[in-house]
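Morning, everyone. Please have the structure open while I talk. I'll go from helix packing to the chain contacts.

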4 protein chains.
Amino acid sequence: MNQQTIDRIRKFSEDRDWDQYHSPENLAKSIVIEAAELLECFQWSDSEYDLQHVKEELADVLVYSQNLLDKLGLDVDEIVNMKMDQNEKKYPVDKSKGNAAKYDKL
Amino acid sequence: MNQQTIDRIRKFSEDRDWDQYHSPENLAKSIVIEAAELLECFQWSDSEYDLQHVKEELADVLVYSQNLLDKLGLDVDEIVNMKMDQNEKKYPVDKSKGNAAKYDKL
Amino acid sequence: MNQQTIDRIRKFSEDRDWDQYHSPENLAKSIVIEAAELLECFQWSDSEYDLQHVKEELADVLVYSQNLLDKLGLDVDEIVNMKMDQNEKKYPVDKSKGNAAKYDKL
Amino acid sequence: MNQQTIDRIRKFSEDRDWDQYHSPENLAKSIVIEAAELLECFQWSDSEYDLQHVKEELADVLVYSQNLLDKLGLDVDEIVNMKMDQNEKKYPVDKSKGNAAKYDKL
């Protein structure tokens, strides 16, 4: 996400004085609510879905995720790279290649 | 997220030949699963939470969201700005200021 | 669920003095957290799943649902029949037969 | 849930020929989707909620849970008691009383 988009998300909340509702817990609830709406696009079929609807719901997940990053003062690249460090250790290429098993089943 | 981080996420899946599991539906399931793990950090308290755990689960949401953007060939700024256009119309400042009501209750 | 099972669920919480954590909101979070763990059984495949794991996670959903019924003093048959009244109106047999479309798309 | 209510849920799906959509995976998705709609009742507040809406969404969780029990041929009392056996071992009264910590943190 570029800085202009991030700034737009921040201004949207500021203009509406919504920071008061953006506790980390409320944002975590909001992310799962939007993620479930995204999943609803695939509720009865894995192949037929409304792409426009998918875009809107995925965008909602990303907006609330940005709100949570902001609320907690987190840097997206820092936390994602920290997690990728973990993932690369938990899922070594030689054991995980072509295998969707969870790390504790490898 | 910067290009280097995005490239790392892509390489991680490519190295493991995991693209075969990354159908849009499977990624939508994965996003909601990780979002619920994020929520679990706040299951019994809205004020006491393990920040490191929050970072890891939020990162998981963001990684799978990036996977879905990639799978569908979407541009994050384009879909987020499209959604912000909608949000700005649905939640006019004069009606929404300091008010968390859903748009259909405004 | 028979009365003996319901009583066991109630006694479990009472013995641990957990009613203090069982606000409706916390129980709603708990239901979605367990529902996502149930979904995790099907994360990468719709046909291969660990039935024992499915049973455990579905049971968790049902236990927290019973906790919420208790917390709000609700009768399960009353609320389910109230909802089935709505569903039968929203999804008339002649329009919905063999059709998974949501009611607003019928 | 009494037998009459269960029979009504079953007849509703049969009349609409919806068993074809009720794969275990689709039902697991449906349970988490409805659970998130239940959570939405508490998105911005833990104390102010629309009880009628809560009833409807909790009923939806219970209906899809019954559908999944039926699909897998499970007995609700059997799986809940099996899980309560586990819970009673994981959360001994002397360690868990008045303590919401997860079993691996006790």
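Start with helix 1 and helix 3 of chain A. Their axes come within 10 Å and cross at roughly 80°. An angle from 65 to 115 degrees counts as roughly perpendicular. So helix 1 of chain A and helix 3 of chain A are roughly perpendicular to each other. A word of caution: this is a predicted model.

Which residues make that contact? From helix 1 of chain A, they are A:Ile6, A:Ile9, A:Arg10 and A:Ser13. From helix 3 of chain A, they are A:Val63, A:Gln66, A:Asn67 and A:Asp70. The contact of these two helices is mixed in class: three nonpolar, three polar and two charged residues.

Now a helix pair from two chains. Take helix 3 of chain C, residues 51-72, and helix 4 of chain D, residues 76-90. They pack at an angle of about 90°, and their axes are 9 Å apart. That makes helix 3 of chain C roughly perpendicular to helix 4 of chain D. The chain C side of this contact includes C:Gln52, C:Lys55, C:Leu58 and C:Val63. Among the residues they meet on helix 4 of chain D are D:Val76, D:Ile79, D:Met82 and D:Lys83. By class, the residues of the contact of helix 3 of chain C with helix 4 of chain D are nine nonpolar, three polar and four charged.

Next, whole chains. The size of an interface is often given as the accessible area lost when the parts come together. For chain A and chain B, about 5800 Å² is buried between them. Carbon and sulfur atoms carry 69% of that. Each chain is well represented in the list: 61 residues from chain A and 61 residues from chain B.

What about polar links across this interface? Between chain A and chain B, 26 residue pairs are in polar contact, both partners at pLDDT 80 or more. The rule also finds six salt bridges across the interface of chain A and chain B. Here is a salt bridge to look up: the side chains of A:Arg8 and B:Asp85 meet at 2.6 Å, N to O.

Which parts of chain A touch chain B? Helix 1, helix 2, helix 3, helix 4 and helix 5 of chain A each supply at least two residues. Helix 3 of chain A gives the most, with 15 residues. By class, the side of chain A that touches chain B has 35 nonpolar, eleven polar and 15 charged residues.

Turn to chain A and chain D. They bury about 1400 Å² between them, with 65% of it on carbon and sulfur atoms. The contact takes 15 residues from chain A and 15 residues from chain D. Which three residues supply more than any other three of the area that chain A buries against chain D? They are A:Ile33, A:Gln43 and A:Trp44, with 42%.

How many salt bridges does the rule find across the interface of chain A and chain D? Zero. Polar contacts do turn up: six residue pairs between chain A and chain D, both partners at pLDDT 80 or more. Helix 2 of chain A gives the largest share of the side of chain A that touches chain D, nine residues. That side has eight nonpolar, four polar and three charged residues.

Last, the full salt bridge count. The structure holds 36 salt bridges over all chains. In one of them, B:Glu25 pairs with D:Lys29, the closest N and O atoms being 2.4 Å apart. B:Glu25 lies in helix 2 of chain B and D:Lys29 in helix 2 of chain D, so this pair joins two chains.

Terms used
Residues numbered from 1 in each chain as written. Chains lettered and ligands numbered in written order. Predicted model: local features only at pLDDT ≥ 70, side-chain atom pairs only at ≥ 80, totals over all residues. Heavy atoms only, no water. Axes fitted to C-alpha atoms, helices over the stretch in contact; angles between N-to-C directions. Helix = DSSP H or I, 4+ residues; strand = E, 2+ residues; numbered from the N terminus. Parallel < 35°, antiparallel > 145°, perpendicular 65-115°, else oblique. Contact = heavy atoms within 4.5 Å. Nonpolar A, V, L, I, M, F, W, Y, C, P; charged D, E, K, R; others polar. Buried area = accessible area lost by both parts, 1.4 Å probe. Salt bridge = Lys/Arg side-chain N within 4 Å of Asp/Glu carboxyl O. Polar contact = N/O pair within 3.5 Å; in protein donor to acceptor, adjacent residues only side chain to side chain.
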